[in-house]
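Visitor: Please take one part of this structure and examine it closely. I should like a connected account of how its residues are placed and what they pack against.

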Amino acid sequence: MGSAIIPTIDLSPLIAATEYTKSQAAGTVKSNRPVNKIGTETVKKELSRACREYGFFQIVNHGIPVELLNRSLELAKTFYGYPDEEKMKRGPGAPPKGGFTKNPQHLPDRNEFMYIFEPGSPKNVIPENPPQFKEVLEDIFPQYRNLASLIEDIINDCLELPPNFLKEYNDSRDYDHLLSLHYLPASDFENSGKVEHEDGNIVTFVLQDDVGGLEVLHKGKWIPVPPAPSTLVVNVGDTLQVLSNNRFKSATHRVVRQKGTTRNSYAFFYVLDVDKWVEPLPHFTTHIGEPPQYRGFYYKDFVQGRIQDRLNPPARLEDRFCIKHYAISTSSGA
Ligand SMILES: O=C(O)CCC(=O)C(=O)O
Ligand SMILES: [Fe+2]
């Protein structure tokens with residue numbers, strides 16, 4: 001067992017600062033809590049290091065109530081415990097449409113899942129049962145989104161970009177989505193829950209139950225990401241890796257199914273508009289005389305390539321379509 005563990009970052013100084021600013025702006029309740037400048041700077045340093053070294057970290061005191069997180073996991077567990085006929089009343093959902101789906105048999109991953117979009121979206125097909133599932137999902141969705149926006153602000157500062165640069169670039173919230181995942185128990189012969197991959201977006205949050213199985217690749221070794229109450233896992237997506245010209249790392253991760261038990265998790269994807277052009281930002285290339293590590297692409301082409309690849313994966317993992325497809329190889333380093 002390796003001793004490496006991914007960093008855990010306590011966001012409380014930032015959450016306090018944000019509450020203070022919000023209440024001041026609204027002109028309502030005045031917080032007596034001073035903005036914790038030193039705490040905020042510490043968070044930024046830790047987060048910056050985590051994004052550079054791991055591309056993966058956990059956050060605590062992030063402002064989303066633990067009761068709501070736990071409730072969302074309990075309700076998902078109840079839903080996936082229903083017989084297939086009941087679940088299929090809300091399926092099959094195929095992105096970009098929501099709804100229940102079982103991963104096709106020809107793929108190695110044994111999981112079932114449901115895509116959830118912002119409350120009120122016509123793409124949503126949320127089950128009526130268990131009661132409160134819909135209400136809880138509609139409550140939690142905007143909270144994930146606000147948290148992602150806060151993390152984006154911090155990342156903007158960590159990368160020393162002009163104020164609000166990332167927010168103005170990533171200015172459409174139409175494609176954000178939440179994925180509810182249910183993994184089946186491992187058999188004696190196979191245990192793949194989610195084959196190794198990188199996320200293509202800006203950042204993802206993962207909420208996992210207490211079963212375990214999420215692992216991240218760090219310096220060539222798989223590190224388990226053990227579940228911890230009220231903790232969210234954050235991972236940097238490929239888009240951020242490209243924009244930052246490899247300063248921030250999109251970590252390879254996977255889910256290994258456990259024997260004798262199912263596992264529930266949620267992944268919230270903070271996503272760029274599909275019409276956006278993505279390329280290394282001039283702040284990390286022309287402004288400082290460094291060559292771009294990627295050629296530019298439309299986000300929709302990248303997404304399309306990934307979907308095709310996931311549905312018809314090539315025999316060899318190294319042949320999978322991923323962000324390396326756009327990488328510029330530097331002959332000097334060859
Ligand atoms: O279920 C998990 O813990 C992770 C899911 C994941 O990596 C994904 O959906 O991209
Ligand atoms: Fe992922």
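**Phe268 and its surroundings, with helix H8**

Guide: In this predicted model, Phe268 is in contact with Tyr144, Ala148, Leu178, Thr204 and Phe205, leaving aside neighbours within four places in sequence. Two of these residues, Phe268 and Phe205, touch the most other members of the largest nonpolar core, which has 71 residues. Helix H5 (residues 133–158) supplies the largest share of this core, 10 residues.

The ligand site comes next. Around ligand 1 lie Leu179, Leu181, Lys194, Asp199, Val206, Gln208, Leu214, His253, Val255, Ser265 and Ala267. Strands E5 (177–183), E7 (203–208), E11 (253–256) and E12 (263–270) are the elements that each give two or more residues to this shell. By residue class, the shell around ligand 1 comprises 6 nonpolar, 3 polar and 2 charged residues.

Helix H8 can be described in similar terms. The helix spans residues 299–311, 13 in number, and reaches 19 Å from its first C-alpha to its last, close to the expected 18 Å. Its residues Tyr299, Phe302 and Arg306 are buried. These three cover an arc of only 65 degrees around the axis, and therefore lie on the same side of H8. The general basis is that an α-helix has 3.6 residues a turn, so residues three or four places apart point the same way. The buried residues of H8 pack against strand E13 (277–278) and strand E14 (297–298). On the face of H8 turned away from its buried side are the exposed residues Ile307, Gln308 and Leu311.

Terms used:
Residues are numbered from 1 along each chain as its sequence is written. Chains are lettered from A and ligands numbered from 1 in the order in which they are written. This is a predicted model: local features need pLDDT of at least 70, side-chain atom pairs count only at pLDDT 80 or more; totals for chains, interfaces and linings use all residues. Helices (H or I, at least four residues) and strands (E, at least two) are DSSP runs, numbered from the N terminus. The expected span of a helix is 1.5 Å times one less than its number of residues. A residue is buried if 20 or more other C-beta atoms lie within 10 Å of its own, exposed if 12 or fewer, and partly exposed in between; C-beta atoms are placed from the backbone. The arc is that of the directions from the helix axis to the C-beta atoms. Two residues are in contact if their C-beta atoms, placed from the backbone, lie within 7 Å. A residue is near a molecule or strand if its C-beta atom, placed from the backbone, lies within 6 Å of it. Ala, Val, Leu, Ile, Met, Phe, Trp, Tyr, Cys and Pro count as nonpolar, Asp, Glu, Lys and Arg as charged, and the others, Gly among them, as polar. A nonpolar core is a set of buried Ala, Val, Leu, Ile, Met, Phe, Trp, Tyr and Cys residues joined through C-beta atoms within 7 Å.
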